[in-house]
Amino acid sequence: MITPDYARTMARYNRWQNGSLIKAASSLSDADRRATRGAFFGSIHGTFSHLMWADQIWFSRFTGSPKPPGGIKDSATLFPDWEPFIELRQAFDATIIAWADGLTADQLAGDLTWFSGAVGRELTKPFGLLVAHVFNHQTHHRGQIHAMLTAAGAKPDDTDLMIMPDEL
């Protein structure tokens with residue numbers, strides 16, 4: 001389905017785009033970041049918080065790292081303070097890159113079994129599909145953040161994968 005190189009590219013894309021969106025969001029006031037804007041997780045800040053929670057929950061399944069507290073419904077409020085959130089996001093993006101750098105084709109070819117709080121039962125799915133899901137989920141919610149930032153007057157960078165800097 002996917003290759004380790006795909007995962008490495010998407011991990012770097014994740015870091016690049018998070019940096020761009022955080023820079024644009026930091027140009028707004030805290031009130032503007034928290035303003036309800038019609039997205040599923042409400043605000044720019046809430047969507048960033050949900051995305052961090054989701055990355056942490058998936059990587060707890062992938063690597064055994066600690067699970068974040070709460071569930072999907074709590075995820076938009078899990079990281080209330082902007083500056084500590086930025087530090088955590090940057091550190092976790094580095095963790096994702098390090099994980100992707102060590103990923104093998106054999107790992108991607110296996111399955112993963114976990115308990116899904118979203119559906120209330122244990123699931124088993126191909127690991128490669130789940131890795132692709134995580135990167136797709138990140139892109140989906142970053143797209144929402146990008147739209148909210150643009151509507152708020154901030155200027156995030158382009159999102160096109162083919163122009164991602166090589167040094168990431």
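# Notebook: a look through the predicted model

**Entry on histidine 133.** I began with histidine 133, which I found in helix α6. I note at the outset that this is a predicted model, and I read each value below with that in mind. Is histidine 133 buried, exposed or partly exposed? I looked up its relative accessibility, which is 33%, and so histidine 133 counts as partly exposed. I then checked how far it lies from tryptophan 58, and the two are 75 residues apart in sequence, while their C-alpha atoms are 9.8 Å apart in space.

**Entry on the aromatic rings.** From tryptophan 58 I turned to the rings, and a search of the whole structure finds 15 aromatic pairs. In one of these, the rings of phenylalanine 79 and phenylalanine 85 have centres 6.2 Å apart and planes at 50 degrees, so I wrote the pair down as tilted. Phenylalanine 79 and phenylalanine 85 are both buried. Tryptophan 58 itself belongs to a cluster that ring pairs build, together with Phe59, Phe62, Phe92, Trp99, Trp114 and Phe127. What sits over the ring of tryptophan 58? I found the charged end of arginine 61 there, 4.4 Å from the ring centre.

**Entry on the nonpolar core.** Some names from the ring cluster came back when I looked up the largest nonpolar core, which has 46 residues. The residues with the most contacts inside this core are Phe48, Phe62, Trp99, Val131 and Leu149. I asked which elements give two or more residues to the core, and noted α1, α3, α4, β1 and α6, the last of these covering residues 127-151. For valine 131 I also listed the residues it touches, leaving aside those up to four places away in sequence, and they are Ile2, Ala7, Phe62, Trp99 and Leu108. As general background, I remind myself that nonpolar side chains tend to be buried together in soluble globular proteins.

**Entry on the hairpin.** Next I followed strand β1, residues 111-116, where the side chains alternate. Leu112, Trp114 and Ser116 point to one face and are buried, whereas Asp111, Thr113 and Phe115 point to the other face and are not. This fits the general rule that side chains in a regular strand alternate between the two faces of the sheet. Strand β1 runs antiparallel to strand β2, residues 121-126, and six bridges join the two. Which residue in β2 is the bridge partner of serine 116? I found that it is arginine 121, and that the partner of aspartate 111 is proline 126. The two strands form a hairpin with four residues between them, and glycine 120 in the turn has a positive phi of about 75 degrees.

**Entry on salt bridges.** I then looked for charged pairs, and the structure holds six salt bridges. In one of them, the side chains of aspartate 5 and arginine 8 meet at 3.0 Å, N to O. Aspartate 5 and arginine 8 are three residues apart in helix α1, which means that about one helical turn separates them. Arginine 8 counts as partly exposed, because its relative accessibility is 22% and the cut-off for buried is under 20%.

A second salt bridge brings arginine 12 and aspartate 101 together at 2.9 Å, N to O. This pair links distant parts of the chain, since arginine 12 is in helix α1 and aspartate 101 is in helix α4, residues 82-102, with their positions 89 residues apart in the sequence count. Aspartate 101, at 39% relative accessibility, counts as partly exposed.

A further salt bridge joins arginine 89 to aspartate 55, with the closest N and O atoms 2.7 Å apart. Here too distant parts of the chain are linked, with arginine 89 in helix α4 and aspartate 55 in helix α3, residues 44-63, 34 residues apart. Are these two residues buried or exposed? Arginine 89 has a relative accessibility of 1% and therefore counts as buried, and aspartate 55, at 1%, counts as buried as well. I also noted that Asp30, Arg33 and Arg34 are linked in a network of salt bridges.

**Entry on tryptophan 16.** Last, I returned to helix α1, residues 4-26, to look up tryptophan 16, which has its place there. Tryptophan 16 is buried, with a relative accessible area of 14%. I also compared its position with that of aspartate 93, which lies 77 residues away along the chain, and the C-alpha atoms of the two are separated by 9.2 Å.

Conventions: Residues numbered from 1 in each chain as written. Predicted model: local features only at pLDDT ≥ 70, side-chain atom pairs only at ≥ 80, totals over all residues. Heavy atoms only, no water. Buried < 20%, exposed > 50% of the residue type's maximum accessible area, 1.4 Å probe, protein only. Salt bridge = Lys/Arg side-chain N within 4 Å of Asp/Glu carboxyl O. Phe/Tyr/Trp six-rings, centres within 6.5 Å; stacked < 30°, edge-to-face > 60°. Lys NZ or Arg CZ within 6 Å of the ring centre and 35° of its normal. Pairing = 2+ DSSP bridges. Core = buried A, V, L, I, M, F, W, Y, C linked by side-chain atoms within 4.5 Å. Contact = heavy atoms within 4.5 Å.
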